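Thanks for making time this morning. Please have the sequence and the structure open while I talk.

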Amino acid sequence: MNDEIVSACDRCGKPIPKGSAYVCISRNIEQIEHNIAGNEDEVQVIDAEIIIALCGSCGNKFDTGALQKLVQLIPWDPEDRKKN
């Protein structure tokens, strides 16, 4: 694989080279702590997974409002998670 290519667009398939702007939807598991000495919040990323990567052109056309509505439609019952 060419190390100058970060990924390919999941919508149009166009290569996404390093240094190019792109839209990425990911699932992160993070932990936030407060550093008293530096008076700053620190975020530790425990796990990260790219769900979708879009080139700049496709990303600019991406409708985040529609995605939010779709997520709201996904049935989810916290009790079901306990069974798995």
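I will go through the core, the strand pair, a loop residue and then a helix.

Keep in mind throughout that this is a predicted model.

Let me begin with the core. Which residues make up the largest nonpolar core? It has 6 residues, namely C9, I16, A53, L54, C55 and C58. Strand β4, residues 40-55, supplies the largest share of this core, 3 residues. As general background, nonpolar side chains in soluble globular proteins tend to be buried together. Look at C55 within that group. Apart from its neighbours within four places in sequence, C55 is in contact with C9, C12, I16, A21 and Y22. Of those partners, C9 and I16 are also listed in the core.

Next, the salt bridge. How many salt bridges does the structure hold? The count is 1. The partners are D47 and R27, and their closest N and O atoms are 3.6 Å apart. D47 sits in strand β4 and R27 in strand β3, so the pair ties together parts that are 20 residues apart in sequence. In general, side chains of opposite charge can pair when their charged atoms come close. Neither partner is buried here: D47 is partly exposed at 34% relative accessibility, and R27 is partly exposed at 40%.

Staying on strand β4, please find E42. E42 has a relative accessible area of 40%, so it is partly exposed. What does E42 touch? Not counting residues up to four places away in sequence, E42 touches Q31, I32, E33 and N35. With Q31, which is 11 residues away along the chain, the C-alpha separation is 8.3 Å. With N35 there is a polar contact between the side chains, at 2.8 Å.

Now to the loop between β3, residues 22-35, and β4, where N39 is found. The backbone is the point to check at this residue. N39 has a phi near 50°, a positive value in a residue other than glycine. For context, most residues other than glycine have a negative phi. Is N39 buried or exposed? N39 is exposed, since its relative accessible area is 60%.

Last, helix α2. This helix covers residues 64-73, and the count of buried residues among its 10 residues is 0, so it is hardly covered. The N-terminal end of α2 is capped by D63, with a side-chain oxygen 3.1 Å from the backbone nitrogen of G65.

Which residues form the nonpolar patch on the surface? They are L67, L70, V71, L73 and I74, and together they have about 490 Å² of accessible area. Two of them are worth a closer look. L67 lies in helix α2 and is partly exposed, with a relative accessible area of 31%. Leaving out residues up to four places away in sequence, L67 touches I25 and F62. V71 is in helix α2 as well, and at 48% relative accessibility V71 counts as partly exposed. A general point on geometry applies here: an α-helix has 3.6 residues a turn, so residues three or four places apart point the same way.

To recap, the places to look at are the core with C55 in it, the D47 and R27 salt bridge, the positive phi at N39, and the nonpolar patch that includes L67 and V71. I will take questions now.

Notes:
Residues are numbered from 1 along each chain as its sequence is written. This is a predicted model: local features need pLDDT of at least 70, side-chain atom pairs count only at pLDDT 80 or more; totals for chains, interfaces and linings use all residues. Side-chain values use heavy atoms; hydrogens and water are left out. Buried means under 20% relative accessible area, exposed over 50%, partly exposed in between (1.4 Å probe, protein chains only). Helices (H or I, at least four residues) and strands (E, at least two) are DSSP runs, numbered from the N terminus. A polar contact is a pair of N or O atoms within 3.5 Å; within protein, one must be able to donate a hydrogen and the other to accept it, and residues adjacent in sequence count only if both atoms are side-chain atoms. Patches are made of residues with over 30% relative accessible area and no salt bridge: like charges are joined within 9 Å, nonpolar side chains (Val, Leu, Ile, Met, Phe, Trp, Tyr) within 5 Å. Accessible areas come from the Shrake-Rupley method with a 1.4 Å probe; for residues, only the protein chains shown count as cover. A salt bridge is a side-chain nitrogen of Lys or Arg within 4 Å of a carboxyl oxygen of Asp or Glu. A nonpolar core is a set of buried Ala, Val, Leu, Ile, Met, Phe, Trp, Tyr and Cys residues joined through side-chain atoms within 4.5 Å. Contact means heavy atoms within 4.5 Å.
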